[in-house]
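User: Please take a close look at one part of this model, the main nonpolar core, and describe what it is built from and what surrounds it.

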Amino acid sequence: MEPIEEKKQEKAERDAKCKKMNGLLGDNANKRMKLLDQDNRLDVQVRGKYNEMDDFKKQEESLQRRISKAQEDLRTAELELANLPPYEPPRDKIDGLGSKILELQDAARELRSQKSEMERSLDRNRTAFRQCSDKLKEMENANNKRLRALQSSGVEKIFEAYNWVQEHQHQFNKSVYGPVLLEVNVSNRIHADYLEDHVPFYAWKAFITQDATDRDFLVRNMRSFNLPVLNVADERPSRVPFKITEEMRMLGIHSRLDQVFDAPDAVKEVLINQFGLDSSYIGSRETDKRADEALQLGIFDLWTPENHYRWKKSRYGGHVSGTVESVEHSRLLLCNVDAGEVERLKSQKLELEEAVSAFEDNLRAVKSELKNIEDQGAKLEKQREEIINESLLEKKRRREMEGRVRQRVINMKSLEREDDLDSIAAKLIDQIQAMKLKRFQLALELKNLLIDAVAHRRNYAEHNMASLELGLKIKEMEANVKHQEKFAMQASLHYEYCKKETEECRRQLEAAKRHAESVAIITPELEQAFCEMPSTIEELEAAIQDTISQANSILFLNHNVLEEYETRQKKIESLSKTQEMEEEKLSNLIDEINALKERWLPTLRSLVSQINQTFSRNFQEMAVAGEVSLDEHAMDFDKYGILIKVKFRETGQLQVLSAHHQSGGERSVSTILYLVSLQDLTNCPFRVVDEINQGMDPINERKMFQQLVRAASQPNTPQCFLLTPKLLPNLEYSEACSILTVMNGPWIEQPSKAWSGGECWRSVMGLMEERCR
């Protein structure tokens with residue numbers, strides 16, 4: 001490496017000299033550029049001086065001409081100034097226009113004030129109009145909330161029915177109200193709980209007519225919506241006015257159910273007639289403690305904040321039986337809409353709309369009048385500006401004439417003060433000679449710099465050529481060194497590989513030696529025998545095979561042992577392959593089962609989910625909770641089943657339907673609701689339900705019957721038969737329901753005649769009561 005370093009050091013010295021020569025050449029070039037710049041500047045100055053001399057010669061010839069021309073221009077300007085007529089601005093006219101403009105501005109200011117006041121009034125009326133409209137929209141949104149509450153309770157087509165009635169109001173003879181839920185307004189939330197619990201659900205979704213023709217027309221069109229229609233009779237019975245006696249007040253009774261809500265007269269009449277609101281009284285918590293005393297006051301229906309008391313007198317024995325139910329919270333009467341407030345807001349909105357229109361008309365008139373005044377003021381302002389501009393133009397013209405005269409006088413004086421041109425020309429010649437002398441000195445300095453530059457360039461070329469030659473030699477030497485280093489590296493790697501191979505062979509030899517010594521100790525005899533053995537691997541393997549054959553012929557008495565061993569080895573291999581094939585087949589079958597399961601299990605889950613939705617909704621309408629779920633057991637398909645969980649109390653938990661947790665009536669309710677939930681998913685010609693209501697309490701029986709009627713009355717559903725020995729009174733039926741009564745007994749003759757004659761049920765009941773007496 002030392003020769004290379006010496007060459008690199010020598011090359012560095014040559015490069016330093018080249019750099020030094022290059023720096024000297026740069027300094028020389030900079031000096032020459034400065035000298036050339038100075039020479040160029042002097043040359044420009046010399047040519048400029050010669051041009052000035054030419055100009056002065058020309059000026060000397062034209063000086064007299066310019067003087068005579070300036071005198072003539074001065075006389076012309078003075079004559080024009082003397083001939084310019086005097087001008088006085090029309091002050092009277094300007095002042096008159098100014099006073100008119102001020103009057104118009106005062107009138108416009110007053111109109112703007114009126115306009116601002118009218119705009120503020122208009123904004124106030126518009127704000128009030130928007131507030132009134134927003135409040136009406138909020139009340140309409142309250143109606144939508146009630147309609148959605150009905151829809152979520154199972155009345156799916158309530159919106160379509162409501163919109164149909166609103167669109168066809170003009171076809172009715174009298175006003176049609178409905179649904180009843182929209183017409184009733186209750187200010188007290190507790191009273192809303194009482195009213196909603198007292199009136200059956202079918203009444204809240206019903207429509208009310210006041211004319212028989214309207215009723216028939218509405219019934220025909222409501223069939224597709226599955227909604228009831230109630231009609232108000234023209235002759236309405238007189239009612240006893242509401243009065244709270246002293247005994248009632250002492251008991252804590254303060255109101256009656258027909259007094260706690262607002263509704264149109266027709267709606268109120270239907271609710272009172274059909275559901276006895278004028279016989280249902282409202283008490284306090286004190287009344288709850290003394291509820292037994294209410295019966296003595298002739299009250300058979302009583303509401304308290306906690307309970308609903310009802311007493312019923314038997315028609316046969318005359319004894320009185322009572323029931324107590326807890327008060328349920330209102331789910332439908334959540335928000336109240338005051339009809340009087342709606343009408344007041346509508347009239348207020350109409351008045352505000354008219355007021356806004358009047359203000360807009362007046363504002364347009366004021367704006368038009370203000371625009372006319374502003375246009376007149378603009379015209380007068382324009383006239384005044386034209387007069388003022390004309391006077392300013394005349395003044396400007398006189399000032400320009402006077403300035404022109406003064407400027408020409410100054411020009412004359414400047415021409416007379418000009419110096420002698422000969423002295424100026426002599427000064428220019430002296431300056432030109434001094435500049436040429438400086439240029440000669442610069443040329444001599446430039447020549448010396450060029451000589452030095454040639455010498456520096458020669459030295460730079462010599463040192464650069466020597467540096468390039470040394471660089472080539474250094475590259476050749478470095479390439480040779482890299483080649484030798486590569487060869488040495490390869491030799492080193494080969495040496496390491498051979499070393500590792502030797503070590504590995506030595507380890508194998510030692511391991512073989514230790515194994516051999518563990519089998520037999522190397523005695524002198526064995527060592528002598530090893531020396532006599534073949535020296536190659538092939539000869540050793542041949543000798544080993546001969547020895548094995550000799551040993552087999554000596555030790556094996558049964559010549560089939562080896563064959564049996566080989567046969568069993570083959571059987572083991574065959575069984576192993578069979579086991580692998582069976583395991584693979586088992587895995588494929590499990591994959592097929594999982595694939596089949598993925599195809600039918602989601603469908604099954606979806607069906608169970610649909611059943612669960614209908615089942616839960618039906619239970620929710622009955623103020624209880626229930627759910628249907630799929631009982632899955634992984635791959636044990638025999639244990640799959642349906643779990644029905646229900647609860648009939650608010651404080652309880654969902655429990656699996658069984659005889660250990662639910663009563664017979666509760667199991668019957670759950671069973672019929674599950675069957676109703678299956679109707680949408682099964683297809684059969686008809687269904688028969690036998691005595692499902694036996695064992696149920698009246699509340700659950702009534703709710704179950706409503707669910708069964710609603711499910712059986714839907715379009716495209718099979719015919720459903722309900723067999724029962726009795727039914728509760730005042731049940732809700734649809735147009736699709738028919739009642740077939742099987743009469744049997746010793747007193748059946750007269751009722752059968754009443755039925756055949758077309759009599760009503762009241763007549764039949766009267767005959768039965770007479771027979772009983």
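Analyst: In this predicted model, the largest nonpolar core holds 50 residues, and L195, W204 and M222 have the most contacts inside it. Helix α9 gives the most to this core, contributing six residues. Apart from this core there is a second, separate one of 23 residues, with L630, V669, I692 and M704 among its members.

W204 can be followed outward from the core. Leaving aside neighbours within four places in sequence, W204 is in contact with P179, V180, L181 and V184, with L195, E196 and V199, and also with L150, L332 and L333. L195 thus appears both in this list and among the residues with the most contacts inside the core.

Helix α9 covers residues 265-275, and its buried residues are A266, V267, E269, V270, L271, I272 and F275. These buried residues pack against three helices, α4 (180-183), α5 (189-198) and α6 (201-204), and against two strands, β1 (207-209) and β2 (229-231). An α-helix has 3.6 residues a turn, so residues three or four places apart point the same way. After α9 comes G276, which has a positive phi, near 60°.

For the setting, the chain has 773 residues, of which 28% count as buried. Its secondary structure consists of 19 helices and twelve strands. Among contacts with a separation of 6 or more, 68% join residues 24 or more positions apart. The accessible surface of the chain is about 53,200 Å², and carbon and sulfur atoms account for 52% of that surface.

Key
Residues are numbered from 1 along each chain as its sequence is written. This is a predicted model: local features need pLDDT of at least 70, side-chain atom pairs count only at pLDDT 80 or more; totals for chains, interfaces and linings use all residues. Side-chain values use heavy atoms; hydrogens and water are left out. Buried means under 20% relative accessible area, exposed over 50%, partly exposed in between (1.4 Å probe, protein chains only). Helices (H or I, at least four residues) and strands (E, at least two) are DSSP runs, numbered from the N terminus. Contact means heavy atoms within 4.5 Å. Accessible areas come from the Shrake-Rupley method with a 1.4 Å probe; for residues, only the protein chains shown count as cover. A nonpolar core is a set of buried Ala, Val, Leu, Ile, Met, Phe, Trp, Tyr and Cys residues joined through side-chain atoms within 4.5 Å.
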